Amino acid sequence: MQNLIKKNLDKRYKKEALFKKMGIFSISFCILFLVIFLGTIVFKGHKAFFVNKIALEVDFREESIRENSNKKENIGNLSFEEIANDLSFVKLVRKSIREKFSEYKDPQIINSAYKIVSDIADYRIQKSFEENPQFINSKQLIWVEVSSKVDVYLKYNISTSLKNEEVSIINNLVKKGEIKSFFNYGFFTSSDSREPEIAGISASLKGSFYTMIIFLIFAFPIGVASAFYLEEIAKKSKLNDLIEVSINNLAAIPSIIYGLLGLTVYLQFMNLPRSSSIVAGMTLAMLVLPVIIIATRNTIRSIPHSIKDAAMALGASKMQIIIHHLFPLSIPGIMTGTILAVSRALGETAPLLMIGMVAFIADSPQNFYEPSTVLPVQIFLWSDSPEIGFAEKTSAAILVLLTFLIAFNLFAIILRKKFERKW
Amino acid sequence: MLIVSLIFLAIFSFLLSSRLNKERVELTRSGYKRSSLNAHYIYSFIIWSILLIMIVIFSSFSNFEKYLSLFFLIFTNFLLISYFFKQGFNAKAHLESIFGASLFLTAAIGIIITFAITLSIVFESIRFFEMVHVKEFIFGLKWNPQMAMHSEQSVSESAFGMVPVMMGTLLITFIAIAISLPIGIMAAIYLSFYVKSKTRDVLKPLIEILAGVPTVVYGYFAVIAISPIFKEIFSYFSIDIAAESALAAGFVMGIMIIPFVLSLTDDALNSVPGHLKDSALALGSTKSEMIRKVVLIAAAPNIAGAAILAFSRAIGETMIVAMAAGLVAKLSFNPLDSVTTATAQIVSLLIGDQEFNSPKTLAAFALALVLFIITFAFNILALVVVRKYKRY
């Protein structure tokens, strides 16, 4: 008998241990995935924050400028300034590349050397020339980006798209210290581009910012006001029940359906400009409205009844109770909810694809009506391109987005900890 | 224009307040009383004036007419309010009703959005069903909308049968549920019963990071990491797996839903009354027996509700499948195959320039209608399950 009991007990303890192991497995699965996930993104993306640049000695002296002007005719008659204004920077770059590789006699090598330097080198030099007019009549050492192929080779040692002699030239330059790795400021200050080496996230950051402003303008007042209506003013009636049910239901509708709604209502019906931040913000406002409403309602509910009762006993009306007491007391909770709502809206992609935010946009938007793109959509666009140069940019953009989201969430947690009241 | 009208407003509010102050003194001297403060009259003056200003500014008057009518309207408003003050009008109650009405209007936006969604999707779908028969859409076994690129092209060349798309959706959803439900529920149980509260405070936010990650990031992760890993593993056993397999998309989607399941299950477990747990333990059951035979059964309706919500969430998930699942609709139940989903189809149909008259574009709305109906039904089902089978 005792044996039987002991056997049974052993069996039960084994089951207990197994159950516990399953729990540990589940938790460690989640944590492991999180670690692998973050690790992969950081591993793939961290190199995009650096970029390799090559030193070019650009000749801005009179002779060279005359030689490289766009103006072909009457070059002798024109003044120096006129020629300098019409300088061909492409030619200038080619000249300095030729000089740099003058030791190689083979014209083929010179030809491939042109491809080491990024296609937009002339634009970079033009910009630094315009910013520093004192460059004229001197030779200047300017660092410009190498082309994406070379950048990928230097970062990841993938040389499939390079010829052998090109590789040896590059290795030579690196040894001489004429190709160096710099922090990639351009990633944060330049917009999207077809060339991966100079594509940046500034336009999409700005677009995200504009979209969030529109989102807040619409979602915040509406969300907070309807939460107060539902909690404090609404009496039991069919209409109010309908409002309650529809708001709860809105929270569970797939986000892409809001995109279709934005497409038909804002683009087709109201004729607002496609892929503008105003449409994006309004679409996101509809999508995230329930989040703000639910957060605000929870905050209002947590305020003790005694405050309301006391105000009412002193003769305050409903409006006075809400404006003078409930609203100020619930501000911290509303703020926390709003920040979380913003972080939700910041990462939303699917509905924005529906309102046309997939176009290639090279300029950052100047107002709410201009076509713009947002950070997650930029990630989606870059993730589609096959070049390796864009793959690292995608991961880097994801890192930036995740940093923002984590910062928002931390801020919300701190806010909650700091202002949370235990009634 | 705005500045001028605000200046008007400020001047008249000031005049009104000084006038009301004077009159109130006289009134009190002669024994009358007003239930509202002067401030209430001024507030109602300001609110009505702002409304008038808005109407004037957005009207189609010329500039001169606008200034004139602004001045005139604000002045009339001023006179009216001072007249009402003498008549004993209760401005406080008036403000109160304005306040209530405006809050009601904002809350009604919730209904408006619901109706707008329903209407827009239903109308576009009706236009689609004028071109493609409903029967063909629901029971058709072929989905190939890309044929009808232009509206002139005959519809008969392309196929609009939603069965393969829906099957693909269900396949990926089932994979996601098969991963997220057991792991989410076990993790919730472990966190609420086996872990000290300090460890729990660390672990739970860590897992909730997964909930905050945007889905586009999950999609990218599925493409660059999970799909290659699965390919590697299966090719080691020399099994063929598609590059955009349903398994990889479903796996990542399952992980995305884990925090959702976890927090819902957590709530369900916490709502089980303590005396049930204590009595189970007092009768000599082990912890796992207590959990399996008492707590889980008591919380079953809520957990079932959570499962249904997770299901509807997985069906509506877009970015992961748009990036990691295929676009070719295949009637296949093999998780190693590449299948497509309704949301992925909507994205691929509506991306880029659309003509609103082509069946290709409208097909997306029909799919959205199906999605909407399914998720709506599931949300209601979850509510009903939780309400009907609640045991305590």
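Angles under 35 degrees count as roughly parallel, those over 145 as roughly antiparallel, 65 to 115 as roughly perpendicular, and the rest as oblique. Keep that handy for the exercises below, and remember that this is a predicted model.

**Exercise 1. Work out how H4(B) and H15(B) are oriented to each other, and list what holds the contact.**

Step 1: start with the geometry. The axes of H4(B) and helix H15 of chain B (residues 359-388) come within 8 Å, crossing at roughly 125 degrees.

Step 2: put that angle into the classes. H4(B) and H15(B) are therefore oblique to each other.

Step 3: add the hand. H4(B) makes a left-handed crossing as it passes H15(B).

Step 4: pick out the residues. From H4(B) come Ile121(B), Val122(B), Glu124(B), Ser125(B), Arg127(B), Phe128(B) and Met131(B), and H15(B) brings Pro359(B), Leu362(B), Ala363(B), Phe365(B), Ala366(B), Ala368(B), Leu369(B) and Phe372(B).

Step 5: sort them by class. The contact of H4(B) with H15(B) comes out at twelve nonpolar, one polar and two charged residues.

**Exercise 2. Do the orientation job for H1(B) and H2(B), then sort the contact by class.**

Step 1: H1 of chain B (residues 2-29) packs with H2 of chain B (residues 38-57) at about 155 degrees, and their axes are 10 Å apart.

Step 2: angles over 145 count as roughly antiparallel. H1(B) and H2(B) are therefore roughly antiparallel to each other.

Step 3: H1(B) and H2(B) cross in a right-handed way.

Step 4: on the H1(B) side, the contact residues include Leu9(B), Leu16(B), Leu20(B) and Arg24(B), while Tyr41(B), Ile42(B), Phe45(B) and Ile46(B) are among those of H2(B).

Step 5: eight nonpolar, six polar and one charged residues make up the contact of H1(B) with H2(B).

**Exercise 3. Now go across chains: sort out the packing of H1(A) with H11(B).**

Step 1: H1 of chain A (residues 2-45) and H11 of chain B (residues 287-298) have axes 8 Å apart and an angle of about 75 degrees.

Step 2: the 65 to 115 band is the one to use here. H1(A) and H11(B) are therefore roughly perpendicular to each other.

Step 3: Arg12(A), Lys15(A), Glu16(A) and Phe19(A) of H1(A) meet Lys287(B), Ser288(B) and Glu289(B) of H11(B).

Step 4: by class, that contact of H1(A) with H11(B) has one nonpolar, one polar and five charged residues.

**Exercise 4. Which helix gives the largest share of the side of chain B that touches chain A?**

Step 1: count both sides. Chain B puts 66 residues in contact with 63 residues of chain A.

Step 2: find the main contributor. Helix H4 of chain B (residues 91-131) supplies the largest share of chain B's side, 20 residues.

Step 3: look at the chemistry. Chain B's side has 46 nonpolar, 15 polar and five charged residues.

Step 4: check the confidence. The predictor gives the complex an ipTM of 0.87 and a pTM of 0.87, and chain B has a mean pLDDT of 85, with 94% of its residues at 70 or more.

**Exercise 5. How many Å separate the centres of domain 1 and domain 2 of chain B?**

Step 1: get the bounds. The domain assignment gives chain B domain 1 (2-100) and domain 2 (145-388).

Step 2: taken over C-alpha atoms, the centres of domain 1 and domain 2 of chain B are separated by 57 Å.

How values were computed: Residues are numbered from 1 along each chain as its sequence is written. Chains are lettered from A and ligands numbered from 1 in the order in which they are written. This is a predicted model: local features need pLDDT of at least 70, side-chain atom pairs count only at pLDDT 80 or more; totals for chains, interfaces and linings use all residues. pLDDT is the predictor's confidence in each residue, from 0 to 100. Two residues are in contact if their C-beta atoms, placed from the backbone, lie within 7 Å. Helices (H or I, at least four residues) and strands (E, at least two) are DSSP runs, numbered from the N terminus. Ala, Val, Leu, Ile, Met, Phe, Trp, Tyr, Cys and Pro count as nonpolar, Asp, Glu, Lys and Arg as charged, and the others, Gly among them, as polar. Axes are lines fitted to C-alpha atoms, for helices over the stretch in contact, and angles run from 0 to 180 degrees between N-to-C directions. A crossing is left-handed if the near helix is turned anticlockwise from the far one by less than a right angle, and right-handed if clockwise. Domain bounds come from an automatic or database domain assignment.
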